[in-house]
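Here are some questions on how the labels for this model are earned. Each answer sets a value against its cut-off.

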Amino acid sequence: YKVYLHNFSKFDAIFLLSVMSAITDNLSPLIRDGRFIDLKFQYSDNYTLYFRDSLLLLPASLRSLAKNFNVENKGIFPYKFVNNKNISLNYIGKTPDINYFDNISKDEYINYSSDFFNNWNLRKETIKYCELDCIVLYQVLIKFSKFIYQLFRIDIFKYPTLSSLAF
């Protein structure tokens, strides 16, 4: 199976590598220019997973990909709030201030925060945001795969990068 994570090469790979290496000695990373192109993970004789970076195949933000491929919006999230060491994952209370969000309008913020009535839950919103990321990435990859197959009869999942796909 192939597992795609957006920006895997520069973010998730470091975290997953330490966890995976505790489970198996059968890891085969393909690294080029300091970026993980493919990480083969074998567990027993029955399971083989290939972890890949979808950003290397579709070099744009997940938000812009969702818009360009006309799929579900990934939502908004207060990154600056959650990255504050003084904030607990169990925080429940007022919606974080607009300054904790990136690239949203005041109207978007008002609309978003009106759903919570001082009952914003960081844990729930984090899980929801991660789930939406997965759904959006899946939808984008499926649409891109169908598009490329219809045009060129090529399976994108055989190629880990845009340059290898183009070649």
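Q: How many aromatic pairs does the rule count?
A: The count is 16 aromatic pairs. Rings of Phe, Tyr and Trp (its six-membered ring) pair if their centres lie within 6.5 Å; planes under 30 degrees apart are stacked, over 60 edge-to-face, the rest tilted. This is a predicted model: local features need pLDDT of at least 70, side-chain atom pairs count only at pLDDT 80 or more, and totals for chains, interfaces and linings use all residues. Residues are numbered from 1 along each chain as its sequence is written, and side-chain values use heavy atoms, with hydrogens and water left out.

Q: Why is the pair of Phe41 and Phe51 called edge-to-face?
A: The centres are 6.5 Å apart and the planes meet at 75 degrees. An angle over 60 degrees counts as edge-to-face, so the label holds.

Q: What makes this pair a link between distant parts of the chain?
A: Phe41 is in strand E3 (residues 35-43) and Phe51 in strand E4 (residues 47-53), 10 residues apart. Strands (E, at least two residues) and helices (H or I, at least four) are DSSP runs, numbered from the N terminus. Phe41 and Phe51 also belong to one aromatic cluster with Phe8 and Phe36.

Q: How do you know whether Phe41 is buried or exposed?
A: Buried means under 20% relative accessible area, exposed over 50%, partly exposed in between (1.4 Å probe, protein chains only). Phe41 has 9%, so Phe41 is buried. Phe51, at 10%, is buried too.

Q: Why is the charged end of Lys2 said to sit over the ring of Tyr50?
A: The rule asks for NZ of Lys or CZ of Arg within 6 Å of the ring centre and within 35 degrees of the ring normal. The charged end of Lys2 is 5.4 Å from the centre of the Tyr50 ring.

Q: What makes up the largest nonpolar core?
A: This core has 16 residues; Leu57, Leu58, Phe69, Val140 and Phe144 have the most contacts inside it. A nonpolar core is a set of buried Ala, Val, Leu, Ile, Met, Phe, Trp, Tyr and Cys residues joined through side-chain atoms within 4.5 Å. Helix H2 (62-68) and helix H5 (122-152) each give two or more residues to this core. H5 gives the most, with 6.

Q: Why is Asn7 called partly exposed?
A: Its relative accessibility is 28%, so Asn7 falls between the two cut-offs. Asn7 has a positive phi of about 70 degrees although it is not a glycine. Most residues other than glycine have a negative phi.
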